[in-house]
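Please open the structure in your viewer and keep the sequence beside it, since this tour moves from one selection to the next. At each stop, select what is named, and then compare the description with what appears on the screen.

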Amino acid sequence: MNLLKEVLKYQVYPAMGCTEPVSVALCAAHAAKELAEPVQKAVFRLDAGTYKNGMGVRIPNTDGEKGNLLAGAMGILIARPELNMEILSAADKTILQEAKKLVEKHALCMSVAPKAHGFYIEAELTGVNGHTAKCIIAGGHTSVIHLSKDGVIKEENTAGQTTRRAPEFKKALKQASLQDLLDAADNADEEDLAYIKKGVDMNLKAAELGQALQKVGFYIKELVRKKLLQMDLISSTKILTACAADARMDGQAVPVMASGESGNQGVVTILVPWKVGKEMDADEKTILKSIALSHLLNGYVKVFTGELAPICGCAIAAGVGATAAIVYQQRGNCAKAVTLAINNIISDIGGMLCDGAKSGCALKVVSSTDAAIRAAYMAVHDYGITEVEGFVGRTAEETIQNLGNISSVGMRRVDPMIVNIMQEKCNQ
């Protein structure tokens, strides 16, 4: 198995809008296409992380509207699952108006699936003629594990895998060593590098669009303008990543190249090593290979922490990828130096909570950018946090596995608690 090609195929793809509500729309679209008649009632059941991530983030092509429920209604009306994670690009004012009507007349309801572990979206539709259709996406944002009409199953895979997702993909990634990932990045071919460059260009365009918004990127530029920060490598990279995240979380109709099935993770995973590499005069092929490593490590962290974890993926998982990429640019295939960088950044921001997708994600992207550059600089100069401190392990793999245990076992009640807080605010 070519692990890099698998990661690029299944975890690195264009996405318009926050990937959780987009996946809700995609699930609804699968069910609606199967139903093939106007919808009278729709019931959605989501895992806590997906529910949380869609509550406060703006949806593309909605004039700033928010929420999983509206995204689901739009997916029903678009009913074009072949658009995959760019499904909301097909929304127009008519679809938005009709989607709002569905929501306003309470034709849709949404709840947390109490027994769902990991990524899970279920859409059950009832049509005006009494027919029903059901779709379940689980294990990944595009992975359909169940599709049926009137109880007749059209597609089902209880293992959480379909022909659209390689069955051994995550298992192989979880079993990989850091050296395996470094070697995979080293062996990236021209096809891989061209696809990675496509992601760079896509995310740079998103950052350019975000420049016009008076959000996090704007205020970092203000700090520079007022001479409270210098316009140096770190500040310019933070502005770049903040602006891209600002555009996404504002619901701008612009695609980004995701990483680990997350757009904000794609922003950090791609743009941090790209900007740093260009500023440090690394050759482009090396920079693109470093981004390959960044994608691989982002995915690697997430197989231990979970697809949607209580800890912030766009900061921690993507930050691990970005810091390793910077070290790769300076030291090449050096597992020892990359290990130091990974230990440094996890020691720094390893406990950052995820409280859902929203404008504030850009702040976490900025923190990740800053931490990734700092951790890499120390590692390049052979300084790193060692296993005698905290939950840092003897190897990078052990540190990441420790982080995964903390996230998936030790913090199991965090997501339900955050969802409760968010629901209480909505009911006030």
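## A patch on the surface

Begin by selecting Tyr377, Met378 and Tyr383, which together form a nonpolar patch on the surface with about 340 Å² of accessible area. Keep in mind throughout the tour that this is a predicted model. Within the patch, look at Met378, which has its place in helix H15, residues 361-380. Its relative accessible area is 31%, and Met378 therefore counts as partly exposed, a class that lies between under 20% for buried and over 50% for exposed.

## Along the helix to a covered residue

Stay with helix H15 and select Ala362, which is also found there. Is Ala362 buried or exposed? With a relative accessibility of 0%, Ala362 counts as buried. Now show what surrounds it: leaving aside neighbours within four places in sequence, Ala362 is in contact with Val216, Ala242, Ala245 and Asp246. Add Thr241 to the selection as well, for although Ala362 and Thr241 are 121 residues apart along the chain, their C-alpha atoms are separated by 7.8 Å.

## The sheet

Next, select the six strands of an open sheet, which follow the order S3-S2-S4-S5-S6-S7 with mixed pairing. Strand S3 (108-112) and S7 stand at the edges and have a single partner strand each, so one side of each is left without a neighbour in the sheet. On average, and with direction ignored, neighbouring strands of this sheet are turned by 10 degrees against each other. Then bring in helix H4 (residues 68-78), which packs on the sheet and touches strand S2 (39-46), S3 and strand S4 (120-127), while its direction makes about 130 degrees with that of S3.

## A hairpin at one edge

Zoom in on strand S6 (residues 144-149) and strand S7 (residues 152-156), which pair in the antiparallel sense over four bridges. To follow the pairing, select Ser148, whose bridge partner in S7 is Ile153, and then His146, whose bridge partner in S7 is Glu156. The two strands form a hairpin with two residues between them, and in the turn you will find Asp150, which has a positive phi of about 50 degrees.

## A covered helix

Finish with helix H1 (residues 3-10), which is mostly covered, as six of its eight residues are buried. Which residues of H1 are buried? They are Leu3, Leu4, Glu6, Val7, Leu8 and Tyr10. Display their surroundings, and you will see that these buried residues pack against helix H6 (169-175), helix H7 (178-186), helix H8 (190-210) and helix H12 (284-305).

Key:
Residues numbered from 1 in each chain as written. Predicted model: local features only at pLDDT ≥ 70, side-chain atom pairs only at ≥ 80, totals over all residues. Heavy atoms only, no water. Patch = residues over 30% accessible without salt bridge, like charges linked within 9 Å, V, L, I, M, F, W, Y side chains within 5 Å. Areas by Shrake-Rupley, 256 points an atom, 1.4 Å probe, with all protein chains shown as cover. Salt bridge = Lys/Arg side-chain N within 4 Å of Asp/Glu carboxyl O. Buried < 20%, exposed > 50% of the residue type's maximum accessible area, 1.4 Å probe, protein only. Pairing = 2+ DSSP bridges. Axes fitted to C-alpha atoms, helices over the stretch in contact; angles between N-to-C directions. Contact = heavy atoms within 4.5 Å.
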